[in-house]
Amino acid sequence: METEEHLLALKVMRLTRPTLSSPLPLTCDSKDLPGNLFNNALHQDLTSVQGSETLCCGQFLLLPQSPVNIYLGETFSSYICVFSETQQVVKSIYVKVDLQTSSQKLSLSSNPPTAELAPDETINIIIHHEVKEIGTHILVCEVSYNNAMGIPSTFRKFFKIQVLKPLDVKTKFYNAENDDCYLEAQVQNITTEPICLEKVALDASQNYDVTSLNSTNEGEHIFGPTMLVHPQSICQFLYCLTPNKTIKDSRNLSGPTNIGKLDIVWRSNLGEKGRLQTSQLQRMGPEYGDIRLLIHELPNFVVLEEPFTFKCELINNCERTVDLMLYFENMEGIAWCGISGRKLDPLSPHSVRILEFKAVPLIPGLNTLSGIKLLDTFLKRTYTYNELGQIFVVIDDQKISKSP
Amino acid sequence: MSEKTTPLLSQYFEQNDRAVGGKPDLSLELTKASDKLNSLKLDETISTNENKSEPTVCRLFSENAPLPADSTAAFFDLIGRGTNSSKNGLISDLGVSTSANDDGFSARVAVGSEAERRRDAWIPSDKTRQILINCAMSAPGTYFPEKEHLTTPGVFLEEELGDNVGEAVAVCLGEAEAAERRIITANDVTQDERGLRELVQAGAYRAAINLTARLLTIYGQGKGRNGHVSKHSPHSLQLWFTRIALLVKTKAYIVAQAESEIFGQLDKPDVFYQFYPEMYGDRPGSIASFSFRLLLAELPMHCGNSKESLTKLFNLWSTVKQIIQNLNNGFCEDGNPMEISENDRSDSFRLWKGREARVMHSIINCSISLKHFELAMDLLGQLCERDKVHRHTLLSALGRLHLQVGNIAGAESCFNEVRVIRGGKLDIRELVDRGLLSVAQSNFDEAYSNFQEASCLEPNNLMILNNMSVCLLYSGRLKEAISILESAISVNPPHALHESLLLNLCTLYDMESSKGRMKKFALLRQISRYQADAPTSILEKLYG
């Protein structure tokens, strides 16, 4: 860099959180050789806390002694101190602090120029910047001033900062039998220190209402009161997304749809805060045709060889009235109880009708409802509904009364 | 040292005398030893020091850090005790100061052997117990176990430790300044444990380490004796405890680890009284003190191997729990079905509950160093439940633990609970905790005013002044941050020249100007004047 001698100099210190310092708790019994000398020394230590001398949870703030990583979403803070290296008075000092990222240059400080700096004085600047990019950042500090003769001079100093990725977020969608959708989000701590998740929330898009499924019935968080995540550990969150009632045409939900963003706030050492928001999470909705058939009511448990009923919602998504024929096809383990090849009443545009079905389970255990076929008589198009839902077939009816 | 400790310690010496077979001057010295002698010694040092214009370490210490009136009060005991500690100035004030009792428990005079049994009780491993039984069964002097069952320690340090502060002064400030430094050395005190205590009290830890090496030579456990069979006595093992503890205190962890390795977990038969029936008859228990066991269990943690410490500490805890269970079941501490009076039983119960709490503290510290914060929080929570008297102190520590991991809500709820328990006006600890909470929320101005309020209650509290200084830095007021620490040092140099405070001040000096080096030299000069010893890390920081 520059070898030119300057009247001013500049120092930069990253203001990460201080730590809490504690003494080394060395104690002994009064009958041991050192008597109470160790205990007294411990007690008089400035970093010990009265009454809990032997616990390393001190109250003494120690300034950061070693460099700490900086992560995306955290706030980069630095102390910039400009001081005089001369006995002369230096005039018109202007300090400019910029942060150069891979994509842009940000101005972090635009302090008004200092008119004069006496030999013992300093110019103190504190900058804060929430880092929003990963990778190399360069802090550029430029100091310009006039010497006693009024000759202007400038020098610059550069500091390199590497911004790392703090969290790894993985998401998975599950489409339920109704229009609900479940989002499973795995948040992994990829920093080197334990972090405390302060907030993990799904900000749903306008198409969905969201229910967080991460609390117990008593309202406590399933991960306990402290959501402490160790390095490399993963916390898994579950959300249920229900399509907004205002959406009339469910075809709007098919294909890729935005469901919202995950908003995560965490803290680490002595409250160092970080915040990240994922980009819009996209869900591939199932293809919805003109006609849809959804489970409306279905018992969880049914008794072997006893008829049961379930209800389905028949939805017409299109602009015309639809005439449908209903067929039953054979399915394994369950026999239909009803007429196949029956003509249904015409279904008007954008309307919903509840259909009731009856069937007899023939095999105990988990059985899948399939084999409902609808024929659009106008378009000659057939809709087949397999794997509509599942029922569990039990033998003893006493078990039904016990189960919820 | 108070009169109370002397008889017991001199008793150790008499026994040792027989064990070593010589050195009558030592035991003579000690049997004579009393408070009077000790104070005389200190007076001598003072008068010689006063002749010189420069204050020296020894004198300053005897003025500034006087021994508390009752030095017998046991620290271990107080943890389990129901005394309220927050109001008392000194640890030793907390113990019961009735001079009649032996262990600081009740006003009853405990029978010497009773107190000893209680204090020394330990449960050896089955293997060791078997050897001890063999030992007791055979005629005195006829049973010789394998060498592998014996503890054969020796001093590893080849040379005596020098004056590291003096060396730093010579390098930075010149030989002339170094020559003016006057400190107490191992040669300036009586060559016995009294002299050792004098060195420890003066903070001359390195000199004290040197003296332990000399004293251990008397037992055939000095330099190069590692691996040679020698006998152990309460005094020799106390010397080892003191030596290892001081090595840890001076952060000579590698040496501490090397020298203590031979002791293992203090489970070899020759550290139990039963191993020497010809000397101690049927006296049961461990010759090695409980503090020594704890120190050895903690040692791997200091050397960066906290996992090993955690295992050893849990082993220690399980034995302590067994002892407490034995007491509850109507037995002796070690499970011996011997009759003990109800009073003795409850005293013993309290002692071991206190020791259990101390072991738990160490486990908490160890899990913090491993960043196993859940374990630390869990144990601290357990301690809060069982110790209602100190609940607020422990809760406050738990709150700070939450702060450390960044759980602000958790910390706040702990501090609020402390508030409910304490009631009345906020005390210093609470004000500081509140300040720390503001620091965690990046609100340094509010933190500063919390600390300032605490400082009004106790203007000379250096921790509070330091925290104010830290807040000033984060608010862009570097010069003020420096001046707070500088004035704190000028008011109370011996106390304020503390490693952590100096680290902070050096960091600020580095920021302020290019003259930091000169200012650090000035600090070194202060250390040289007031401290007998300083951690190497801080000296290196001052050189820099």
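Does L266(B) count as buried or exposed, and at what relative accessibility? In this predicted model, L266(B) comes out at 2% relative accessibility, so it counts as buried. The residue sits in the loop that runs between α14 (253-260) and α15 (277-280) of chain B. Its backbone stands out too: L266(B) is not a glycine, yet its phi is positive, at about 55°. For context, most residues other than glycine have a negative phi.

Chain A offers a counterpart in E387(A), another residue other than glycine with a positive phi, this one near 55°. E387(A) also belongs to a loop, the one between β30 (381-385) and β31 (389-394) of chain A. Here the relative accessible area is 66%, so E387(A) is exposed.

Back in chain B, L266(B) is one of the residues touched by F292(B), along with L237(B), W240(B), F241(B), I244(B) and F263(B), leaving aside residues up to four places away in sequence. F292(B) is itself a busy spot in the largest nonpolar core, which has 97 residues: together with L199(B), W352(B), L380(B) and L401(B), it touches the most other members. There is also a second, separate core of 72 residues, with I408(B), F415(B), L502(B) and L508(B) among them.

Further along chain B, helix α28 (residues 516-530) meets helix α29 (residues 536-543), their axes coming within 8 Å and crossing at roughly 145°. On the α28(B) side, the contact is made by R517(B), K520(B), F521(B), L523(B), L524(B) and I527(B), while α29(B) supplies L539(B), K541(B), L542(B) and Y543(B). Sorted by type, the residues of this contact are seven nonpolar and three charged, with no polar ones.

Key. Residues numbered from 1 in each chain as written. Chains lettered and ligands numbered in written order. Predicted model: local features only at pLDDT ≥ 70, side-chain atom pairs only at ≥ 80, totals over all residues. Heavy atoms only, no water. Axes fitted to C-alpha atoms, helices over the stretch in contact; angles between N-to-C directions. Helix = DSSP H or I, 4+ residues; strand = E, 2+ residues; numbered from the N terminus. Contact = heavy atoms within 4.5 Å. Nonpolar A, V, L, I, M, F, W, Y, C, P; charged D, E, K, R; others polar. Buried < 20%, exposed > 50% of the residue type's maximum accessible area, 1.4 Å probe, protein only. Core = buried A, V, L, I, M, F, W, Y, C linked by side-chain atoms within 4.5 Å.
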